[in-house]
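User: I would like to learn how to read charged pairs, buried side chains and pockets in a structural model. Please take me through them one at a time.

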Amino acid sequence: PNFSSLVAALTRPDQPDFVEILSTQNGTSPAPFTVFAPDNEAFIDLLVELGVNSLDDIDGATLTAVLNMHVIAEANVRAEDLVTGPVTTLGGDVTIDAANATITDPNGRVSNITVVNVQAANGVVHKIDKVILP
């Protein structure tokens, strides 16, 4: 329930089939994945920041670009393996500060990694408190 906004964004009809993509079996490109998953509060904060009322107010191309910023393909990067420096996501580069468990997006916005190492069969998920923007 803490990720219903993320699920809504990933499954919006005008989006790529993110569910199918992120369900790719491990060992089959582009799996494994490292996903930085914003919680519902992060999406509420994003809507306020953007001055919109709902996810439906964000155009499809922009939403796709935003969602791609949260996925590292072909890597199962657990918290203990995070390194400080630039990391390439499906949507562009972000900067990881491993010591402080933060991610800085290209706009200088900082997200805290608040829950780590939710291991799945084809990757790992880390909960974050701010939506990463391209």
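Analyst: This is a predicted model. Let us begin with a charged pair: Asp-105 and Arg-109 form a salt bridge in which the closest N and O atoms are 2.5 Å apart. Both Asp-105 and Arg-109 are buried.

User: Which residues are linked with Asp-105 and Arg-109 in a network of salt bridges?

Analyst: Glu-49 joins Asp-105 and Arg-109 in that network. The count for the model comes to five salt bridges.

User: How should I read a pair such as Asp-39 and Lys-127, and where do its partners lie in the chain?

Analyst: One examines the distance and then the location of each partner. The side chains of Asp-39 and Lys-127 meet in a salt bridge, at 3.6 Å from N to O. This pair links distant parts of the chain, 88 residues apart: Asp-39 is in the loop between S1 and helix H3 (40–50), whereas Lys-127 belongs to strand S7.

User: Why does Asp-39 count as buried, and why does Lys-127 count as partly exposed?

Analyst: The class follows from relative accessible area, with buried meaning under 20% and exposed over 50%. Asp-39 is buried because its value is 12%. Lys-127 is partly exposed because its value is 22%. The salt bridge between Arg-78 and Glu-80, with closest N and O atoms 3.1 Å apart, offers another case. Arg-78 counts as partly exposed because its relative accessibility is 25%, while Glu-80 counts as exposed because its value is 53%.

User: How is a polar residue in a loop to be read, and what does the side chain of Asn-122 lie close to in terms of polar atoms?

Analyst: One combines location, accessibility and contacts. Asn-122 sits in the loop between strand S6 (110–120) and strand S7 (123–128), and it counts as buried because its relative accessibility is 13%. A polar atom of its side chain lies 2.6 Å from the backbone oxygen of Thr-24. Leaving aside residues up to four places away in sequence, Asn-122 touches several others, among them Leu-22, Ser-23, Pro-32 and Phe-33.

User: Finally, how does one find a pocket, and what lines the largest pocket here?

Analyst: Rolling a probe the size of a water molecule over the atoms shows where empty space is left. The largest pocket holds about 240 Å³ of space. Its lining comprises 15 residues, with Leu-6, Leu-10, Leu-22, Val-35 and Val-125 nearest the centre. Helix H1 (4–10), helix H2 (18–22), strand S1 (33–38) and S7 each contribute at least two lining residues.

User: How many residues of that lining are nonpolar, polar and charged?

Analyst: The lining divides into 12 nonpolar residues, three polar and no charged.

Key
Residues numbered from 1 in each chain as written. Predicted model: local features only at pLDDT ≥ 70, side-chain atom pairs only at ≥ 80, totals over all residues. Heavy atoms only, no water. Helix = DSSP H or I, 4+ residues; strand = E, 2+ residues; numbered from the N terminus. Buried < 20%, exposed > 50% of the residue type's maximum accessible area, 1.4 Å probe, protein only. Polar contact = N/O pair within 3.5 Å; in protein donor to acceptor, adjacent residues only side chain to side chain. Contact = heavy atoms within 4.5 Å. 1 Å grid on protein atoms, 1.4 Å probe; cavity = no way out; pocket = protein on both sides within 12 Å on 5 of 7 lines; lining within 4 Å. Points joined across faces, edges and corners; volume = space filled by probe spheres on them. Nonpolar A, V, L, I, M, F, W, Y, C, P; charged D, E, K, R; others polar. Salt bridge = Lys/Arg side-chain N within 4 Å of Asp/Glu carboxyl O.
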